[in-house]
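User: Please examine the interior of this protein model and answer some questions about its packing.

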Amino acid sequence: MSSTDDHEEPTIRRRGFVTVSLAAVGGAIVGAGATWGGMQLASGGTAEETKEPTEPADDEDEVEIRRFVSTALTIPVVKAWAADGAKPSPGYVFLSPRDSIFTAGILDNDGEPVWISPNGIDSTDVRVQSYKGKPVLTYWAGRVDSGNGHGSGMILDTSYREVAAVHGGRGAIPDLHEFHLTDRDTALVTTYPVMRADLSSVGGPTNGYLYACRVQEIDIASGEILLDWNILDDIALDESLKRIGDDDSAGSSPENVFDPIHVNSVEDDGDRLLVSCRHTCAIYAIDRSSGELLWRLGGEKSDFAMGEGTNFSWQHDARRQPDGTISLFDNAGVKGDDAVSAGLVLRVDESAMTAELDTAYRYGDYEGYAMGNTQVLDDGHVMVGWGSAPAATEFDADGEPIFGFTEIGSGSYRVYRCEWAASPTTEPDVAAIDVDGTKTAFMSWNGATDVASWALLTGSDEASLTEAATAERAGFETSVEIPDAAGATFLQVEARGADGTALARSRVIGVA
(Lines give C-alpha, C1' and ligand atoms only; values in the text may rest on other atoms or scores of the structure.)
Protein backbone atom coordinates (compact mmCIF):
# COMPACT_ATOMS: atom_id res chain seq x y z
CA MET A 1 0.00 0.00 0.00
CA SER A 2 1.36 3.40 -0.89
CA SER A 3 -0.10 6.87 -0.85
CA THR A 4 -0.26 8.95 -3.99
CA ASP A 5 0.01 12.62 -4.87
CA ASP A 6 -2.78 12.22 -7.45
CA HIS A 7 -6.05 13.30 -5.86
CA GLU A 8 -9.24 15.15 -6.56
CA GLU A 9 -9.38 18.75 -5.51
CA PRO A 10 -10.47 18.90 -1.86
CA THR A 11 -12.98 21.26 -0.35
CA ILE A 12 -11.70 23.99 1.95
CA ARG A 13 -14.01 24.43 4.92
CA ARG A 14 -14.12 27.84 6.54
CA ARG A 15 -16.20 29.09 9.40
CA GLY A 16 -17.90 32.38 8.63
CA PHE A 17 -16.49 35.44 10.36
CA VAL A 18 -17.93 38.88 11.01
CA THR A 19 -15.19 41.49 11.18
CA VAL A 20 -16.12 44.20 13.66
CA SER A 21 -14.15 47.42 13.87
CA LEU A 22 -13.83 49.53 17.00
CA ALA A 23 -15.83 52.30 15.33
CA ALA A 24 -18.65 49.92 14.49
CA VAL A 25 -18.90 48.67 18.06
CA GLY A 26 -19.68 52.06 19.50
CA GLY A 27 -19.32 50.88 23.07
CA ALA A 28 -17.19 48.97 25.55
CA ILE A 29 -17.23 45.22 26.02
CA VAL A 30 -19.23 44.21 29.06
CA GLY A 31 -18.05 41.15 30.93
CA ALA A 32 -15.20 40.07 28.65
CA GLY A 33 -12.38 41.22 30.91
CA ALA A 34 -10.14 41.85 27.89
CA THR A 35 -8.98 44.81 25.84
CA TRP A 36 -10.81 45.32 22.55
CA GLY A 37 -8.45 45.25 19.57
CA GLY A 38 -9.41 44.39 16.00
CA MET A 39 -11.28 41.21 16.86
CA GLN A 40 -12.85 38.72 14.50
CA LEU A 41 -16.23 37.67 15.81
CA ALA A 42 -17.55 34.23 14.99
CA SER A 43 -20.93 33.99 13.33
CA GLY A 44 -23.02 31.00 12.42
CA GLY A 45 -22.79 29.06 9.19
CA THR A 46 -20.02 27.55 7.09
CA ALA A 47 -18.83 29.01 3.81
CA GLU A 48 -17.36 26.51 1.36
CA GLU A 49 -15.17 26.92 -1.67
CA THR A 50 -13.22 24.35 -3.64
CA LYS A 51 -9.49 24.84 -4.07
CA GLU A 52 -6.15 23.18 -3.51
CA PRO A 53 -4.69 23.40 -0.01
CA THR A 54 -2.31 26.32 0.15
CA GLU A 55 1.43 25.75 0.21
CA PRO A 56 2.98 25.90 3.68
CA ALA A 57 4.00 29.37 4.79
CA ASP A 58 7.56 30.27 5.73
CA ASP A 59 8.25 30.86 9.41
CA GLU A 60 8.53 34.58 8.73
CA ASP A 61 5.02 34.85 7.25
CA GLU A 62 2.43 36.67 9.32
CA VAL A 63 0.12 34.34 11.20
CA GLU A 64 -3.58 35.21 11.35
CA ILE A 65 -4.86 35.07 14.91
CA ARG A 66 -8.38 34.08 15.97
CA ARG A 67 -9.73 36.36 18.71
CA PHE A 68 -13.00 36.37 20.61
CA VAL A 69 -15.24 38.72 22.56
CA SER A 70 -16.31 36.50 25.46
CA THR A 71 -12.77 35.39 26.36
CA ALA A 72 -9.19 36.66 26.05
CA LEU A 73 -8.04 33.28 24.68
CA THR A 74 -6.49 33.35 21.21
CA ILE A 75 -5.28 30.76 18.71
CA PRO A 76 -3.97 30.97 15.14
CA VAL A 77 -6.62 30.54 12.45
CA VAL A 78 -6.47 27.06 10.89
CA LYS A 79 -8.10 26.12 7.57
CA ALA A 80 -9.60 22.68 6.92
CA TRP A 81 -10.10 20.75 3.67
CA ALA A 82 -11.75 17.44 2.85
CA ALA A 83 -11.97 15.30 -0.27
CA ASP A 84 -15.44 14.63 -1.68
CA GLY A 85 -17.14 11.87 0.32
CA ALA A 86 -14.32 11.75 2.84
CA LYS A 87 -14.95 10.07 6.17
CA PRO A 88 -12.23 11.09 8.62
CA SER A 89 -11.64 8.95 11.67
CA PRO A 90 -13.72 9.75 14.77
CA GLY A 91 -12.55 12.41 17.18
CA TYR A 92 -11.02 15.86 17.23
CA VAL A 93 -7.66 17.11 15.99
CA PHE A 94 -5.08 17.97 18.66
CA LEU A 95 -2.29 20.34 17.73
CA SER A 96 -0.21 23.33 18.83
CA PRO A 97 -0.01 26.01 16.12
CA ARG A 98 2.85 28.42 16.63
CA ASP A 99 2.79 32.19 16.50
CA SER A 100 4.90 33.97 19.11
CA ILE A 101 4.36 30.83 21.22
CA PHE A 102 3.00 27.32 20.70
CA THR A 103 -0.69 27.31 21.69
CA ALA A 104 -2.15 23.89 22.43
CA GLY A 105 -5.62 23.39 21.02
CA ILE A 106 -8.33 20.88 20.23
CA LEU A 107 -10.13 21.54 16.93
CA ASP A 108 -13.11 20.00 15.16
CA ASN A 109 -13.05 18.97 11.51
CA ASP A 110 -13.94 22.50 10.39
CA GLY A 111 -10.87 23.88 12.14
CA GLU A 112 -13.09 25.39 14.82
CA PRO A 113 -11.56 25.44 18.34
CA VAL A 114 -13.04 23.24 21.04
CA TRP A 115 -10.37 23.86 23.69
CA ILE A 116 -7.52 26.38 23.83
CA SER A 117 -4.73 26.08 26.38
CA PRO A 118 -5.26 28.89 28.89
CA ASN A 119 -1.82 29.30 30.40
CA GLY A 120 -0.31 31.78 27.93
CA ILE A 121 3.03 29.93 27.72
CA ASP A 122 4.44 27.51 25.14
CA SER A 123 2.42 24.29 25.03
CA THR A 124 3.22 21.34 22.76
CA ASP A 125 2.45 17.65 22.23
CA VAL A 126 -1.21 17.95 23.27
CA ARG A 127 -3.08 14.63 22.98
CA VAL A 128 -5.24 12.08 24.79
CA GLN A 129 -3.45 9.38 26.77
CA SER A 130 -4.40 7.00 29.58
CA TYR A 131 -3.49 7.33 33.26
CA LYS A 132 -4.73 4.88 35.90
CA GLY A 133 -7.06 3.40 33.32
CA LYS A 134 -8.81 6.68 32.48
CA PRO A 135 -8.51 9.03 29.51
CA VAL A 136 -6.54 12.19 30.26
CA LEU A 137 -5.45 15.24 28.32
CA THR A 138 -1.68 15.64 28.32
CA TYR A 139 0.71 18.26 27.01
CA TRP A 140 4.09 19.84 27.72
CA ALA A 141 4.08 23.42 28.99
CA GLY A 142 7.07 25.67 29.52
CA ARG A 143 9.58 27.85 27.68
CA VAL A 144 10.98 27.03 24.25
CA ASP A 145 14.61 28.02 23.78
CA SER A 146 17.04 27.22 20.94
CA GLY A 147 15.39 24.06 19.65
CA ASN A 148 14.50 22.59 23.04
CA GLY A 149 12.60 23.65 26.11
CA HIS A 150 12.33 23.75 29.89
CA GLY A 151 8.99 22.94 31.48
CA SER A 152 6.69 20.25 32.85
CA GLY A 153 4.41 17.52 31.58
CA MET A 154 0.77 18.29 32.41
CA ILE A 155 -2.01 15.73 32.97
CA LEU A 156 -5.65 16.91 33.08
CA ASP A 157 -8.83 14.92 33.62
CA THR A 158 -12.00 15.17 31.52
CA SER A 159 -12.99 18.29 33.48
CA TYR A 160 -9.60 19.92 32.76
CA ARG A 161 -8.57 19.66 36.39
CA GLU A 162 -4.88 18.99 36.99
CA VAL A 163 -4.28 15.36 37.92
CA ALA A 164 -0.51 15.55 38.00
CA ALA A 165 2.46 17.56 36.77
CA VAL A 166 5.73 15.80 35.95
CA HIS A 167 8.80 17.93 36.65
CA GLY A 168 11.72 15.56 36.07
CA GLY A 169 14.39 14.73 38.61
CA ARG A 170 18.12 14.65 39.43
CA GLY A 171 18.52 18.21 38.25
CA ALA A 172 16.89 17.57 34.87
CA ILE A 173 13.97 19.61 33.50
CA PRO A 174 11.57 18.00 31.01
CA ASP A 175 12.08 19.16 27.44
CA LEU A 176 9.30 19.83 24.92
CA HIS A 177 10.09 16.86 22.69
CA GLU A 178 8.41 14.04 24.60
CA PHE A 179 5.80 13.47 27.28
CA HIS A 180 4.66 9.87 26.80
CA LEU A 181 2.62 7.95 29.40
CA THR A 182 3.03 4.17 29.71
CA ASP A 183 0.61 1.49 30.86
CA ARG A 184 2.74 1.29 34.04
CA ASP A 185 1.55 4.81 34.96
CA THR A 186 4.99 6.20 34.34
CA ALA A 187 6.05 9.10 32.11
CA LEU A 188 8.84 9.08 29.55
CA VAL A 189 10.48 12.49 29.14
CA THR A 190 13.50 13.97 27.42
CA THR A 191 15.83 16.51 28.99
CA TYR A 192 18.60 18.72 27.59
CA PRO A 193 21.16 19.41 30.35
CA VAL A 194 24.28 21.40 29.43
CA MET A 195 27.65 19.75 30.10
CA ARG A 196 31.33 20.38 29.37
CA ALA A 197 33.01 18.11 26.83
CA ASP A 198 35.85 17.80 24.36
CA LEU A 199 34.33 18.79 21.02
CA SER A 200 37.49 18.52 18.91
CA SER A 201 36.18 15.38 17.12
CA VAL A 202 33.39 17.47 15.62
CA GLY A 203 35.47 20.56 14.93
CA GLY A 204 34.93 22.36 18.21
CA PRO A 205 36.90 23.42 21.27
CA THR A 206 38.49 20.86 23.59
CA ASN A 207 36.69 22.43 26.54
CA GLY A 208 33.31 23.13 24.98
CA TYR A 209 29.62 23.03 25.89
CA LEU A 210 27.00 20.61 24.56
CA TYR A 211 23.51 19.29 25.25
CA ALA A 212 23.94 15.83 26.76
CA CYS A 213 20.32 14.66 26.19
CA ARG A 214 18.94 12.31 28.82
CA VAL A 215 15.89 10.05 28.79
CA GLN A 216 14.04 9.62 32.05
CA GLU A 217 11.23 7.29 33.05
CA ILE A 218 9.41 8.73 36.06
CA ASP A 219 6.76 7.23 38.31
CA ILE A 220 3.99 9.82 38.01
CA ALA A 221 2.47 9.38 41.47
CA SER A 222 5.71 9.37 43.48
CA GLY A 223 8.12 11.25 41.20
CA GLU A 224 10.66 8.42 41.54
CA ILE A 225 13.20 8.24 38.71
CA LEU A 226 13.13 4.69 37.35
CA LEU A 227 15.54 5.23 34.44
CA ASP A 228 17.96 8.06 33.68
CA TRP A 229 19.89 7.36 30.47
CA ASN A 230 22.54 9.76 29.26
CA ILE A 231 22.73 9.16 25.52
CA LEU A 232 26.38 10.19 25.33
CA ASP A 233 27.26 7.18 27.49
CA ASP A 234 26.54 5.01 24.43
CA ILE A 235 26.73 7.28 21.39
CA ALA A 236 30.04 8.85 20.34
CA LEU A 237 30.09 12.43 19.15
CA ASP A 238 31.41 11.43 15.72
CA GLU A 239 28.15 9.52 15.15
CA SER A 240 26.45 12.89 14.84
CA LEU A 241 25.85 14.37 11.40
CA LYS A 242 26.14 17.86 12.90
CA ARG A 243 29.51 19.56 12.86
CA ILE A 244 30.77 22.68 14.57
CA GLY A 245 31.66 23.96 11.10
CA ASP A 246 27.94 24.50 10.53
CA ASP A 247 28.18 27.25 13.18
CA ASP A 248 31.74 28.16 14.13
CA SER A 249 30.69 29.55 17.50
CA ALA A 250 28.56 26.55 18.55
CA GLY A 251 29.80 24.96 21.74
CA SER A 252 31.84 27.98 22.74
CA SER A 253 29.81 29.03 25.79
CA PRO A 254 26.82 28.11 27.98
CA GLU A 255 24.77 30.56 25.90
CA ASN A 256 25.78 28.94 22.57
CA VAL A 257 25.57 25.22 23.19
CA PHE A 258 26.32 22.55 20.58
CA ASP A 259 23.53 20.01 19.99
CA PRO A 260 25.12 16.84 18.55
CA ILE A 261 22.35 14.30 19.25
CA HIS A 262 18.95 16.02 19.62
CA VAL A 263 16.67 13.33 21.05
CA ASN A 264 13.07 14.00 19.98
CA SER A 265 10.92 10.98 20.84
CA VAL A 266 10.83 8.09 23.27
CA GLU A 267 8.50 5.12 22.74
CA ASP A 268 7.51 2.48 25.30
CA ASP A 269 8.37 -0.87 23.68
CA GLY A 270 7.79 -3.39 26.44
CA ASP A 271 11.10 -4.11 28.15
CA ARG A 272 12.79 -1.65 25.80
CA LEU A 273 12.52 1.98 24.76
CA LEU A 274 12.80 3.27 21.20
CA VAL A 275 14.62 6.61 21.09
CA SER A 276 14.75 8.85 18.02
CA CYS A 277 17.78 11.14 17.65
CA ARG A 278 17.50 13.76 14.92
CA HIS A 279 21.15 14.72 14.57
CA THR A 280 22.41 11.15 14.17
CA CYS A 281 19.50 10.31 11.80
CA ALA A 282 18.99 7.09 13.75
CA ILE A 283 16.57 5.29 16.07
CA TYR A 284 17.95 3.40 19.07
CA ALA A 285 16.60 0.53 21.16
CA ILE A 286 17.70 0.56 24.79
CA ASP A 287 16.99 -1.83 27.64
CA ARG A 288 14.44 -0.13 29.89
CA SER A 289 15.92 -1.53 33.10
CA SER A 290 19.66 -1.20 32.50
CA GLY A 291 19.88 1.49 29.83
CA GLU A 292 22.00 -0.83 27.67
CA LEU A 293 22.05 0.11 23.98
CA LEU A 294 20.67 -2.85 22.00
CA TRP A 295 20.68 -1.68 18.35
CA ARG A 296 20.65 1.22 15.92
CA LEU A 297 18.20 1.63 13.03
CA GLY A 298 19.38 4.07 10.37
CA GLY A 299 22.19 6.58 10.51
CA GLU A 300 25.83 5.92 9.63
CA LYS A 301 26.19 2.97 12.03
CA SER A 302 22.92 1.12 11.41
CA ASP A 303 22.76 -2.46 12.68
CA PHE A 304 20.06 -3.18 10.08
CA ALA A 305 20.35 -3.64 6.34
CA MET A 306 18.14 -0.84 5.05
CA GLY A 307 15.91 -1.86 2.12
CA GLU A 308 14.80 0.34 -0.74
CA GLY A 309 12.86 3.39 0.41
CA THR A 310 13.67 2.91 4.11
CA ASN A 311 16.42 5.49 4.53
CA PHE A 312 15.38 8.52 6.56
CA SER A 313 17.05 11.64 7.91
CA TRP A 314 16.49 14.26 10.62
CA GLN A 315 13.47 12.19 11.66
CA HIS A 316 10.93 12.55 14.49
CA ASP A 317 8.32 10.47 16.32
CA ALA A 318 9.47 6.84 16.11
CA ARG A 319 6.66 4.52 17.34
CA ARG A 320 6.22 0.77 17.65
CA GLN A 321 2.87 -0.32 16.16
CA PRO A 322 0.77 -3.27 17.39
CA ASP A 323 1.71 -5.32 14.29
CA GLY A 324 5.43 -4.89 15.05
CA THR A 325 6.15 -2.24 12.43
CA ILE A 326 7.84 1.03 13.32
CA SER A 327 6.35 4.34 12.19
CA LEU A 328 8.23 7.63 12.03
CA PHE A 329 8.19 11.05 10.41
CA ASP A 330 10.99 11.40 7.88
CA ASN A 331 11.85 15.10 7.72
CA ALA A 332 14.19 14.17 4.83
CA GLY A 333 16.29 17.28 4.92
CA VAL A 334 16.95 20.62 6.48
CA LYS A 335 15.60 24.04 5.58
CA GLY A 336 16.73 25.02 2.09
CA ASP A 337 16.93 21.46 0.76
CA ASP A 338 14.62 20.14 -1.96
CA ALA A 339 13.72 17.00 -0.01
CA VAL A 340 10.06 16.00 0.46
CA SER A 341 9.00 14.79 3.92
CA ALA A 342 7.09 11.56 4.48
CA GLY A 343 5.31 9.53 7.10
CA LEU A 344 7.03 6.13 6.98
CA VAL A 345 6.01 2.70 8.26
CA LEU A 346 8.87 0.16 8.27
CA ARG A 347 8.86 -3.62 8.67
CA VAL A 348 11.78 -4.41 10.96
CA ASP A 349 13.06 -8.00 11.30
CA GLU A 350 15.25 -8.20 14.39
CA SER A 351 16.29 -11.78 13.62
CA ALA A 352 17.50 -11.13 10.08
CA MET A 353 18.40 -7.52 11.02
CA THR A 354 16.67 -6.09 7.96
CA ALA A 355 14.33 -3.15 7.45
CA GLU A 356 11.84 -2.98 4.57
CA LEU A 357 9.37 -0.28 3.53
CA ASP A 358 5.73 -0.98 4.34
CA THR A 359 4.17 2.39 3.44
CA ALA A 360 5.31 5.91 2.60
CA TYR A 361 2.78 8.71 3.11
CA ARG A 362 3.52 11.84 1.08
CA TYR A 363 1.34 14.74 0.02
CA GLY A 364 2.38 17.35 -2.49
CA ASP A 365 5.76 18.89 -1.81
CA TYR A 366 5.53 19.39 1.94
CA GLU A 367 8.96 19.81 3.47
CA GLY A 368 8.86 19.81 7.25
CA TYR A 369 12.50 20.52 7.98
CA ALA A 370 11.75 20.33 11.74
CA MET A 371 9.13 18.84 14.08
CA GLY A 372 6.41 16.50 12.68
CA ASN A 373 4.81 13.14 13.48
CA THR A 374 3.07 10.08 12.03
CA GLN A 375 0.06 8.70 13.94
CA VAL A 376 -1.35 5.32 12.90
CA LEU A 377 -5.02 5.14 13.95
CA ASP A 378 -7.00 2.06 14.98
CA ASP A 379 -9.06 2.04 11.77
CA GLY A 380 -6.00 2.06 9.53
CA HIS A 381 -6.07 5.77 8.84
CA VAL A 382 -2.85 7.72 9.32
CA MET A 383 -2.50 11.33 10.48
CA VAL A 384 0.71 13.04 9.41
CA GLY A 385 1.68 16.37 10.95
CA TRP A 386 4.17 18.08 8.62
CA GLY A 387 5.92 19.97 11.41
CA SER A 388 7.39 23.28 10.31
CA ALA A 389 5.42 22.98 7.08
CA PRO A 390 2.24 24.24 8.79
CA ALA A 391 -0.15 21.51 7.67
CA ALA A 392 -1.52 18.09 8.57
CA THR A 393 -2.95 15.36 6.33
CA GLU A 394 -5.14 12.37 7.17
CA PHE A 395 -4.78 9.37 4.87
CA ASP A 396 -7.40 6.61 4.68
CA ALA A 397 -6.66 2.89 5.00
CA ASP A 398 -5.82 2.76 1.27
CA GLY A 399 -3.24 5.52 1.64
CA GLU A 400 -5.36 8.21 -0.03
CA PRO A 401 -5.29 11.77 1.38
CA ILE A 402 -8.86 12.58 2.48
CA PHE A 403 -8.66 15.38 5.03
CA GLY A 404 -6.30 17.96 6.38
CA PHE A 405 -5.46 21.33 7.85
CA THR A 406 -3.37 24.09 6.31
CA GLU A 407 -2.02 27.37 7.70
CA ILE A 408 -1.39 25.88 11.14
CA GLY A 409 0.39 28.99 12.37
CA SER A 410 4.06 28.72 11.47
CA GLY A 411 3.95 24.99 12.23
CA SER A 412 2.87 22.55 14.92
CA TYR A 413 5.24 20.26 16.82
CA ARG A 414 2.87 17.30 16.39
CA VAL A 415 -0.73 16.75 15.20
CA TYR A 416 -2.97 13.95 16.49
CA ARG A 417 -6.52 12.74 16.03
CA CYS A 418 -8.09 11.52 19.30
CA GLU A 419 -11.56 10.90 20.66
CA TRP A 420 -12.35 13.13 23.64
CA ALA A 421 -15.40 13.99 25.74
CA ALA A 422 -15.09 16.65 28.41
CA SER A 423 -17.18 18.85 30.70
CA PRO A 424 -15.25 21.75 32.28
CA THR A 425 -15.70 22.70 35.92
CA THR A 426 -15.32 26.34 34.91
CA GLU A 427 -18.42 28.33 34.06
CA PRO A 428 -19.14 29.54 30.51
CA ASP A 429 -17.81 32.95 29.48
CA VAL A 430 -20.09 35.78 28.36
CA ALA A 431 -19.76 39.37 27.19
CA ALA A 432 -22.16 41.94 25.71
CA ILE A 433 -21.30 44.67 23.23
CA ASP A 434 -23.02 47.03 20.85
CA VAL A 435 -22.45 46.00 17.21
CA ASP A 436 -23.69 48.52 14.63
CA GLY A 437 -26.33 49.75 17.07
CA THR A 438 -27.50 46.27 18.08
CA LYS A 439 -26.81 44.94 21.56
CA THR A 440 -25.28 41.49 21.16
CA ALA A 441 -24.24 38.79 23.62
CA PHE A 442 -21.23 36.57 22.94
CA MET A 443 -20.72 33.26 24.73
CA SER A 444 -18.22 30.42 24.86
CA TRP A 445 -17.23 27.55 27.13
CA ASN A 446 -13.62 26.54 26.67
CA GLY A 447 -13.25 22.75 26.38
CA ALA A 448 -16.91 21.72 26.52
CA THR A 449 -17.72 18.98 24.00
CA ASP A 450 -21.46 18.48 24.66
CA VAL A 451 -22.89 21.96 24.00
CA ALA A 452 -25.51 21.94 21.22
CA SER A 453 -27.24 25.27 21.90
CA TRP A 454 -27.30 28.37 24.09
CA ALA A 455 -30.10 30.16 25.90
CA LEU A 456 -30.00 33.87 26.66
CA LEU A 457 -31.61 34.86 29.96
CA THR A 458 -32.41 38.49 30.72
CA GLY A 459 -34.19 40.49 33.41
CA SER A 460 -34.36 43.71 35.39
CA ASP A 461 -32.49 42.20 38.34
CA GLU A 462 -30.10 39.31 38.86
CA ALA A 463 -32.61 37.18 40.75
CA SER A 464 -35.36 37.15 38.12
CA LEU A 465 -33.85 36.23 34.76
CA THR A 466 -36.02 34.52 32.13
CA GLU A 467 -35.31 33.03 28.72
CA ALA A 468 -35.28 35.71 26.04
CA ALA A 469 -33.63 33.95 23.07
CA THR A 470 -31.90 30.73 22.01
CA ALA A 471 -29.31 29.87 19.38
CA GLU A 472 -27.58 26.77 18.08
CA ARG A 473 -23.90 26.56 18.95
CA ALA A 474 -21.96 28.25 16.13
CA GLY A 475 -18.42 27.16 16.84
CA PHE A 476 -16.20 28.12 19.74
CA GLU A 477 -18.04 31.40 20.24
CA THR A 478 -21.74 32.01 19.55
CA SER A 479 -23.43 35.40 19.25
CA VAL A 480 -27.08 36.27 20.01
CA GLU A 481 -28.84 39.58 19.56
CA ILE A 482 -30.24 40.81 22.85
CA PRO A 483 -34.00 41.45 22.50
CA ASP A 484 -34.97 45.07 23.08
CA ALA A 485 -37.10 44.38 26.12
CA ALA A 486 -37.90 47.04 28.69
CA GLY A 487 -35.96 46.55 31.89
CA ALA A 488 -33.54 43.95 30.46
CA THR A 489 -30.53 45.30 32.30
CA PHE A 490 -28.93 41.98 33.31
CA LEU A 491 -28.17 38.84 31.33
CA GLN A 492 -26.80 35.34 31.71
CA VAL A 493 -26.26 32.49 29.25
CA GLU A 494 -26.97 28.80 29.67
CA ALA A 495 -25.20 26.00 27.77
CA ARG A 496 -27.51 23.16 26.75
CA GLY A 497 -26.99 19.64 25.49
CA ALA A 498 -28.52 18.03 22.41
CA ASP A 499 -31.63 17.02 24.39
CA GLY A 500 -32.09 20.53 25.81
CA THR A 501 -30.66 19.67 29.21
CA ALA A 502 -29.00 22.60 31.00
CA LEU A 503 -25.28 21.91 31.35
CA ALA A 504 -23.99 25.10 33.00
CA ARG A 505 -24.66 28.82 33.37
CA SER A 506 -22.36 31.79 33.12
CA ARG A 507 -22.08 34.56 35.67
CA VAL A 508 -24.64 37.36 35.46
CA ILE A 509 -23.47 40.57 33.77
CA GLY A 510 -25.04 43.96 33.28
CA VAL A 511 -26.17 45.24 29.87
CA ALA A 512 -24.93 48.75 29.20
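The following exchange concerns a predicted model and treats its cavity, its nonpolar cores and one buried residue.

User: What is the volume of the largest cavity?
Analyst: The structure holds 1 cavity of 30 Å³ or more. The lining of the largest cavity includes Val 114, Met 443, Trp 445, Trp 454, Arg 473 and Phe 476. Its volume is about 60 Å³.

User: How many nonpolar residues are in the lining of the largest cavity?
Analyst: Among the lining residues are Ser 444, Arg 473, Gly 475 and Thr 478, alongside Ala 448 and Val 451. By class, 3 residues of this lining are polar and 1 is charged, while the number of nonpolar residues is 7.

User: Which strands each supply at least two residues of the largest nonpolar core?
Analyst: This core has 20 residues, and those touching the most other members include Val 215, Ile 231, Val 263 and Val 275. Strands that each supply at least two of its residues are E18 (225–230), E19 (263–269), E20 (272–277) and E21 (282–287).

User: Which residues are named in the second, separate core?
Analyst: This core is separate and comprises 19 residues. Those named in it include Ala 441, Trp 445, Trp 454 and Leu 456.

User: Is Asn 373 buried or exposed?
Analyst: Asn 373 is found in strand E28 (residues 373–376). Beyond its neighbours within four places in sequence, Asn 373 is in contact with residues including Asp 317, Phe 329, Met 383 and Tyr 416. Its relative accessible area is 0%, so Asn 373 is buried.

User: Which residue has its backbone oxygen 2.8 Å from a polar atom of the side chain of Asn 373?
Analyst: Asn 373 is in contact with Arg 414 and Val 415, among others. The backbone oxygen at 2.8 Å from the side-chain polar atom belongs to Val 415.

Notes: Residues are numbered from 1 along each chain as its sequence is written. This is a predicted model: local features need pLDDT of at least 70, side-chain atom pairs count only at pLDDT 80 or more; totals for chains, interfaces and linings use all residues. Side-chain values use heavy atoms; hydrogens and water are left out. On a 1 Å grid over the protein atoms alone, a cavity is a set of points where a 1.4 Å probe fits but cannot get out, and a pocket is an open set with protein on both sides within 12 Å along at least five of seven lines; lining residues have an atom within 4 Å of a point. Grid points are joined across faces, edges and corners, and a volume is the space filled by probe spheres set on the points. Ala, Val, Leu, Ile, Met, Phe, Trp, Tyr, Cys and Pro count as nonpolar, Asp, Glu, Lys and Arg as charged, and the others, Gly among them, as polar. A nonpolar core is a set of buried Ala, Val, Leu, Ile, Met, Phe, Trp, Tyr and Cys residues joined through side-chain atoms within 4.5 Å. Buried means under 20% relative accessible area, exposed over 50%, partly exposed in between (1.4 Å probe, protein chains only). Helices (H or I, at least four residues) and strands (E, at least two) are DSSP runs, numbered from the N terminus. A polar contact is a pair of N or O atoms within 3.5 Å; within protein, one must be able to donate a hydrogen and the other to accept it, and residues adjacent in sequence count only if both atoms are side-chain atoms. Contact means heavy atoms within 4.5 Å.
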